[in-house]
Amino acid sequence: MHTDAPNGNAVIWLLDRHLADGRGAHPAFIDPHRSLTYQGLADASARFAGALTQAGIGRERRMMMILHDTIDFPTAFLGAIRAGVTPVPINTLLAAEQVAYMLEDSRAEALCISRACLASFGKVVAAAQHLRLILVSEADGTPAQDPPKGALDFASFLANGQPAPTPVQASPDDVAFWLYSSGSTGAPKGVKHVHSALQATAETYAAQVLGIRSDDVIFSAAKMFFAYGLGNAITFPLSVGATTVLLPDRPTPDSVMAIMRAQNPTIFCGVPTLYAALLSHAALDHGAGSNRLRVCISAGEALPEQVGKRWSQKVGAEILDGIGSTEMLHIFLSNQPNKLKYGTSGVAVPGYDLHIVDEHDHEVHPGEIGELLVRGPSAAEGYWNQRARSRRTFQGEWTRTGDKYVQIADGFYQYQGRADDMFKVSGIWVSPFEVEAALIAHPAVQEAAVIGREDAEGLLKPMAFIVLKPDEHMDDALLAALKAQVKDNVGAWKYPRWLQVVDELPKTATGKIQRFKLREQVGHGAAE
Ligand code: 3UK
């Protein structure tokens with residue numbers, strides 16, 4: 001059967017469109033060692049696509065990517081999509097067993113890996129059953145590690161490829177790429193995203209919240225292997241023909257500010273911990289090093305109110321806090337330049353609908369806490385090979401977020417914590433998040449995590465784990481002050497009955513507090 005359906009391959013809208021529009025000479029990506037124009041990126045990705053096909057990696061086969069942020073990332077990601085091969089970027093900081101699981105679960109036949117990552121993953125890569133093509137990228141200029149037997153050099157593979165002239169015909173509903181979502185419990189899930197989802201996030205959040213323009217220069221400290229960084233650094237800039245600057249290294253306050261000074265980005269994307277660390281850095285000043293910073297965004301976890309306020313005062317640009325997820329691909333609920341309230345996640349991004357529901361899936365009244373459900377054009381197609389979990393999360397047009405929210409004055413949505421972390425004290429729901437926020441508001445506290453713990457009567461009461469700021473120490477006065485801080489700000493019954501000072505909190509690879517680990521510790525009596 002012959003079909004005249006237009007080609008829905010995402011690469012056409014994201015990239016090839018700009019050449020037809022005469023933007024080929026505009027810079028697309030700049031990393032510390034190299035840069036690519038739009039023409040250069042189109043050529044490199046077409047070459048990569050041709051080389052993959054010539055190597056026998058067929059359509060719908062998975063290509064795992066364990067790459068630092070260099071220009072090889074967009075080359076491989078867009079090149080694979082061009083060829084109909086499914087790129088699966090994963091976190092470079094995972095444990096080796098998790099990478100082994102993902103290689104097996106996805107049955108990836110190809111792998112692109114940064115040479116530096118071979119130190120941690122060389123063994124599991126060599127043992128992977130389904131891999132037929134291993135490409136080692138040295139583009140981040142890191143010290144040599146011996147590549148596994150039969151591995152090829154990314155640059156030579158690319159140079160030897162015959163460019164694929166046109167992107168393979170794809171439906172907008174074809175799966176284009178996967179991302180792995182590591183929930184707090186259970187095995188990671190391959191989240192399948194379709195071609196049209198990329199454009200959908202650009203036309204909603206990037207166009208209507210960020211107001212992104214072709215003369216923007218974007219710097220995302222959040223890496224491209226996260227859905228957050230992928231949108232910030234690839235989808236959004238390419239959607240308008242803008243420029244992305246890349247940092248291959250770990251984003252520390254020093255490395256981030258060095259890029260800010262050197263490249264003067266107009267948009268900066270970070271996570272709350274990084275904003276807090278930058279605020280503690282003596283060298284932070286107006287523009288955070290950039291002479292044309294116009295807006296900052298934050299996601300991944302809730303941005304504490306004080307961090308947002310102090311940043312906008314000191315740096316002179318607002319931070320738009322918004323919540324997104326791997327399942328929804330990017331941000332669907334966000335503050336906006338003209339509708340911003342620190343301490344909240346803002347309002348629905350145009351194009352997305354939100355519901356807050358109780359445990360019977362009935363919509364709650366404004367002011368009541370419930371689980372947030374979202375409907376929108378970028379929702380994933382489902383999880384790979386996990387039917388029960390797919391059915392639980394993707395319910396018709398609605399995606400369950402697993403997050404508790406309340407709608408406050410003026411329609412702003414306020415985060416209340418993960419559904420799994422909520423507990424009841426004296427019959428009233430307590431959100432660990434609100435107790436933590438009250439504790440963090442105290443000048444001696446750096447970080448806090450709160451869980452429900454059984455008292456002598458077997459009833460749950462709040463217990464707090466806190467990391468103190470350097471040079472602070474716990475004594476009776478501070479303990480009393482912290483309890484009072486919670487009682488006065490969030491409710492008398494919510495104050496922590498136990499308080500333990502720790503050096504650090506257990507966190508996921510994406511920096512989210514693992515309260516279930518603290519619950520397990522307490523269950524084993526470690527908090528006595
Ligand atoms: C939490 C937030 C409060 C929330 C992500 C932007 O974080 C992203 O995706 P993940 O799959 O995690 C999703 C979960 O993280 N969360 C994210 N942002 C916020 N909580 N305030 C926020 N602003 O629990 C959510 O369910 O790692 C973020 C864009 C794309 C993303 N994938």
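Trainee: Where does Arg-107 lie in this chain?

Mentor: Arg-107 sits in the loop that runs between helix H4 (96–106) and strand E5 (110–114). Keep in mind that we're looking at a predicted model.

Trainee: Okay, and what is its phi like?

Mentor: Arg-107 has a positive phi of about 50°, although it is not a glycine.

Trainee: Is Arg-107 buried or partly exposed?

Mentor: Partly exposed, because its relative accessible area is 37%, and the partly exposed class runs between 20% and 50%.

Trainee: Which other residue has a positive phi of about 50° although it is not a glycine?

Mentor: Ala-288 is one. You'll find Ala-288 in the loop between helix H10 (272–279) and strand E13 (295–298).

Trainee: And is Ala-288 buried or exposed?

Mentor: Buried, with a relative accessible area of 3%. The cut-off for buried is under 20%, so Ala-288 falls in that class.

Trainee: Let's zoom out. How many helices and strands are there in the chain?

Mentor: The chain has 15 helices and 27 strands.

Trainee: What about domains, which ones does the assignment give?

Mentor: The domain assignment splits things into domain 1 (10–170), domain 2 (194–418) and domain 3 (423–522).

Trainee: How many residues do domain 1 and domain 2 put into their contact?

Mentor: Domain 1 gives 36 residues to the contact and domain 2 gives 31. As for spacing, the C-alpha centres of domain 1 and domain 2 lie 26 Å apart.

Trainee: New topic: why does the chain's radius of gyration agree with a compact globule?

Mentor: Because a compact globule of 528 residues would have a radius of gyration near 24 Å, and this chain has 23 Å. If you'd like a box around it, the C-alpha atoms fill one of roughly 70 × 50 × 45 Å along the principal axes.

Trainee: What share of the residues count as buried?

Mentor: Of the 528 residues, 55% do. On the outside, the chain exposes about 22,000 Å², and carbon and sulfur atoms supply 50% of that area.

Trainee: And the contacts, what share join residues at least 24 apart?

Mentor: That's 66%, taken among contacts between residues at least 6 apart in sequence.

Trainee: Last one: how many positive and negative side chains are there?

Mentor: There are 47 positive and 57 negative side chains. The centres of those two sets lie 2 Å apart.

Methods:
Residues are numbered from 1 along each chain as its sequence is written. This is a predicted model: local features need pLDDT of at least 70, side-chain atom pairs count only at pLDDT 80 or more; totals for chains, interfaces and linings use all residues. Side-chain values use heavy atoms; hydrogens and water are left out. Helices (H or I, at least four residues) and strands (E, at least two) are DSSP runs, numbered from the N terminus. The radius of gyration is taken over C-alpha atoms; the globule rule is 2.2 Å times the number of residues to the power 0.38. Buried means under 20% relative accessible area, exposed over 50%, partly exposed in between (1.4 Å probe, protein chains only). Contact means heavy atoms within 4.5 Å. Accessible areas come from the Shrake-Rupley method with a 1.4 Å probe; for residues, only the protein chains shown count as cover. Lys and Arg count as positive and Asp and Glu as negative; His and the chain ends are not counted. The place of a charge is taken as NZ of Lys, CZ of Arg, CG of Asp or CD of Glu. Domain bounds come from an automatic or database domain assignment.
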